[in-house]
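Welcome, and please open the model in your viewer with the cartoon switched on. We will go from the whole chain to a pocket and then to two loop residues.

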Amino acid sequence: MTEVEKGPRGLRRGRGARERIISASQQLFRDQGINSTGMDQLCAAAAVSKRTLYQHFSGKDDLIAEGLRRFDPDILPEVFDNPDLTPRERLSTAFEIHAPLCPFIAAAVEIPDPNHPARIYARDYKLAFAARLTQTAREAGAPDPELLGAQLALLLDGASARTRVLNADAFSTAITIATALINAAIPAAATATHHED
């Protein structure tokens, strides 16, 4: 027998309602924006009643934060935890996996309150992402990994925003710039020495 999900008050709900709500919200927020998405529309897209939605989430703010928490909880493990890639290759590969618009940037743009749970989560994610880039730059032998990590994080965010604003892919240009930054920051000798370790 499949376990029926329970909400915050332990009430039994229809199977999969919470996941449908999260999935629908992620798609609607991405396609039309957070502020343009109403609760009635969310309920219709998730095929749930408002009562069911509020049994799973205290409100739209809670739903936005949960969607962000689920988007990339481990910070690109397919890149940063990939044993088949050298640290230098991981830095470049991070530019090949991207969303049409980073949902963390979108949330920060649409939500003016810096203390909103989604804004806090977006800030924490961006700091953690930059830290992963910095750690990977360190592993690759960069003499100043903090600088390279910050540069690559800024470049990724800029490419995401530019892609959205121009409705055209900016990541191919970003990859070219990232490669130049990585080549300038990590001497070939450091990469060869580190790869032998």
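Here is a short tour, one selection at a time.

**Stop 1: the whole chain**

Start with everything selected, and keep in mind that this is a predicted model. Colour by secondary structure: you should find 11 helices and 0 strands. Walking from the N terminus, you meet α-α-α-α-α-α-α-α-α-α-α.

Now think about how the chain packs. Contacts between residues 24 or more positions apart make up 60% of those with a separation of 6 or more. The chain has 197 residues, and 42% of them count as buried. Turn on the surface next: about 10,700 Å² is exposed, and 55% of that area comes from carbon and sulfur atoms.

**Stop 2: the largest pocket**

What volume does the largest pocket have? It comes to about 440 Å³. To centre your view there, select Phe-29, Arg-30, Leu-101, Pro-103 and Ala-106, which are the closest to the pocket's centre of the 22 residues that line it.

Next, show the helices around the pocket. Those that give two or more residues to the lining are α1 (17-32), α4 (60-71) and α7 (103-110). Which element gives the most to this lining? Highlight α7, which supplies 6 residues.

Try colouring the lining of the largest pocket by residue class. You will see 14 nonpolar residues, 5 polar ones and 3 charged ones.

**Stop 3: Ala-47**

Leave the pocket and select Ala-47, in the loop that links α2 (39-46) to α3 (50-56). Check its backbone: phi of Ala-47 is near 60°, a positive value in a residue that is not glycine. Is Ala-47 buried or exposed? With a relative accessible area of 57%, Ala-47 is exposed, because the cut-off for that class is over 50%.

**Stop 4: Ile-75**

For the last selection, move to Ile-75, in the loop between α4 and α5 (77-80). You have already met α4, one of the helices that contribute to the lining of the largest pocket. Ile-75 is not a glycine, yet its phi is positive, at about 55°.

How does Ile-75 sit with respect to the surface, buried or exposed? Its relative accessibility is 9%, so Ile-75 falls under the 20% limit and counts as buried.

To finish, display both loop residues together: Ala-47 is exposed, whereas Ile-75 is buried.

Technical notes:
Residues are numbered from 1 along each chain as its sequence is written. This is a predicted model: local features need pLDDT of at least 70, side-chain atom pairs count only at pLDDT 80 or more; totals for chains, interfaces and linings use all residues. Side-chain values use heavy atoms; hydrogens and water are left out. On a 1 Å grid over the protein atoms alone, a cavity is a set of points where a 1.4 Å probe fits but cannot get out, and a pocket is an open set with protein on both sides within 12 Å along at least five of seven lines; lining residues have an atom within 4 Å of a point. Grid points are joined across faces, edges and corners, and a volume is the space filled by probe spheres set on the points. Helices (H or I, at least four residues) and strands (E, at least two) are DSSP runs, numbered from the N terminus. Ala, Val, Leu, Ile, Met, Phe, Trp, Tyr, Cys and Pro count as nonpolar, Asp, Glu, Lys and Arg as charged, and the others, Gly among them, as polar. Buried means under 20% relative accessible area, exposed over 50%, partly exposed in between (1.4 Å probe, protein chains only). Contact means heavy atoms within 4.5 Å. Accessible areas come from the Shrake-Rupley method with a 1.4 Å probe; for residues, only the protein chains shown count as cover.
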